[in-house]
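Subject: Structure handover

Hello,

Please find the structure below, followed by notes on what was found in it.

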There are 2 protein chains.
Amino acid sequence: MSKSKNKELLELIEKLGFDIEERLRLSPLASRIYALLILSSYDGVTFEEVKETIKASKSSISVNINVLIQLGYITFITKPGDRKRYFKIAKYSSILSLEIYLQSIDNEMKIVNRINKFNQEYHPEKYINEKSLGNIFQNYLEQKEQLVKETILKMSNFRKLDK
Amino acid sequence: MSKSKNKELLELIEKLGFDIEERLRLSPLASRIYALLILSSYDGVTFEEVKETIKASKSSISVNINVLIQLGYITFITKPGDRKRYFKIAKYSSILSLEIYLQSIDNEMKIVNRINKFNQEYHPEKYINEKSLGNIFQNYLEQKEQLVKETILKMSNFRKLDK
DNA sequence: AGATTAGTTCGTTTAATTACGAACTAAGTG
DNA sequence: CACTTAGTTCGTAATTAAACGAACTAATCT
């Protein structure tokens with residue numbers, strides 16, 4: 001691996017890893033591993049290569065790779081006559097992330113509804129004053145939900161073609 | 001405060017608090033305080049009331065209220081001849097949250113661009129295969145950015161009228 | 001001025017995550 | 001059948017975040 005590629009790779013793993021940590025609530029190590037696989041080829045990356053690049057202990061790598069597999073973010077392939085596993089991002093990983101996001105939007109919509117009901121009942125003055133603002137926000141959530149649903153659909157359709 | 005109101009309030013503080021914790025990355029206590037103020041009247045809530053409702057120590061309440069003030073999520077009013085402060089959500093708190101969210105979308109777009117450049121250069125096969133999927137995602141981010149920007153604008157316009 | 005109220009500051013404790021290392025298993029190799 | 005390879009398991013250590021309590025300040029009240 002060229003020196004400049006490696007430097008760029010490590011820097012991107014930090015940046016992207018942190019982002020994944022925040023967005024998907026994975027441990028720092030799991031996030032870095034996931035980031036590495038996003039930045040790696042289709043051929044997959046071996047356990048040893050992950051360990052070398054991320055510079056963490058065998059046990060931590062093992063645990064975190066298995067978490068990522070369990071959650072469906074990554075998979076691995078094996079090659080005949082080769083005991084190693086070659087890790088790579090799961091085919092549907094981007095759809096998976098969006099589906100999780102969709103759930104969180106639905107959850108937020110439910111909570112916002114309960115807040116509105118509560119304030120309507122117990123703080124009617126506030127509720128009236130905030131009504132328009134609340135409507136704007138509710139509208140925003142609905143449009144966002146719609147956008148995410150459409151994107152999931154588009155991605156699923158694309159995946160079907162790709163075989 | 002009626003028994004059923006209080007029960008509902010406490011339950012909503014838990015639910016909403018957890019949501020705020022995740023979305024705004026505030027400490028559990030700060031999130032609960034913020035949740036309480038979202039569910040309280042315009043008149044504001046005293047330090048003591050916060051303490052009673054949230055059931056945490058004076059010092060923790062103090063620290064976390066000040067964090068929320070610093071970040072701009074809450075403010076307080078004072079009443080003549082009354083040393084107490086009455087805490088309430090800041091007028092622009094919902095816009096503020098959206099602005100922070102907008103920044104995180106912009107950040108994600110930058111990272112996605114760098115990932116694409118990296119994979120294009122070092123894993124061309126993967127890049128070509130993922131291109132359409134990448135376009136769908138990039139499109140999604142752009143639309144989401146647009147939606148958030150519009151919502152901020154709508155809210156700001158509404159706020160101007162309200163005086 | 002002494003006492004009370006409202007809130008702050010700071011050093012410590014608690015609790016939870018995260019990662020580690022050493023010992024282990026299971027499969028393949030010479 | 002001993003040996004290496006690939007990865008796992010489990011008890012432990014390190015780090016970090018979060019909350020606490022006691023002592024303090026600054027304003028007001030009597």
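A polar contact here is a pair of N or O atoms within 3.5 Å; within protein, one atom must be able to donate a hydrogen and the other to accept it, and residues adjacent in sequence count only if both atoms are side-chain atoms. On that basis, a side-chain N or O atom of B:Ser60 is 3.0 Å from a phosphate oxygen of DNA strand D.

Some ground rules before the rest. This is a predicted model, in which local features need pLDDT of at least 70 and side-chain atom pairs count only at pLDDT 80 or more, while totals for chains, interfaces and linings use all residues. Residues are numbered from 1 along each chain as its sequence is written, chains are lettered from A and ligands numbered from 1 in the order in which they are written, and side-chain values use heavy atoms, with hydrogens and water left out.

DNA strand D

A residue is counted as near a strand if one of its heavy atoms lies within 4 Å of it. By that rule 16 residues surround DNA strand D, and the closest are A:Phe47, A:Lys58, A:Ser62, A:Arg83 and B:Ser59. Of the strand D atoms within 4 Å of the protein, 55% belong to sugar or phosphate and the rest to bases. One base nitrogen of DNA strand D lies 2.3 Å from a polar side-chain atom of A:Lys58. On the phosphate side, a polar backbone atom of A:Arg85 is 2.9 Å from an oxygen of DNA strand D.

Helices (H or I, at least four residues) and strands (E, at least two) are DSSP runs, numbered from the N terminus. At least two residues of the surface near DNA strand D come from each of these: H4 and strand E3 (82-89) of chain A, and helix H2 (28-38) and H4 of chain B. H4(A) gives the most, with four residues. For the classes, Ala, Val, Leu, Ile, Met, Phe, Trp, Tyr, Cys and Pro count as nonpolar, Asp, Glu, Lys and Arg as charged, and the others, Gly among them, as polar. The surface near DNA strand D then has four nonpolar, seven polar and five charged residues.

DNA strand C

DNA strand C is surrounded by 16 residues, the closest being A:Ser60, B:Lys58, B:Ser62, B:Arg83 and B:Arg85. Sugar and phosphate make up 55% of the atoms of DNA strand C that come within 4 Å of the protein. A side-chain N or O atom of A:Arg83 is 3.5 Å from a base nitrogen of DNA strand C. Phosphate oxygens of this strand are approached by chain B: one is 3.3 Å from a side-chain N or O atom of B:Asn66, and one is 2.9 Å from a polar backbone atom of B:Arg85.

Helix H2 (28-38) and helix H4 (58-71) of chain A, with helix H4 (58-71) and strand E3 (82-89) of chain B, each supply at least two residues of the surface near DNA strand C. H4(B) has the largest share, four residues. The classes on this surface are four nonpolar, seven polar and five charged residues.

Chain A with chain B

Contact means heavy atoms within 4.5 Å. In these terms 53 residues of chain A are in contact with 53 residues of chain B. Buried area is the accessible area (1.4 Å probe) that two parts lose on being put together, summed over both. For chain A and chain B this is about 5,200 Å², 61% of it on carbon and sulfur atoms. In chain A, the residues that lose the most area to chain B are A:Tyr42, A:Arg114 and A:Phe118, together 14% of what that side buries.

A salt bridge is a side-chain nitrogen of Lys or Arg within 4 Å of a carboxyl oxygen of Asp or Glu. The rule finds eight salt bridges across the interface of chain A and chain B. The side chains of A:Arg114 and B:Glu8 form a salt bridge (3.5 Å, N to O). The interface also has 25 residue pairs in polar contact, both residues at pLDDT 80 or more. On the chain A side, helix H1 (3-24), H2, helix H5 (93-122) and helix H6 (124-161) each supply at least two residues. H6(A) gives the largest share of that side, 19 residues.

Regards
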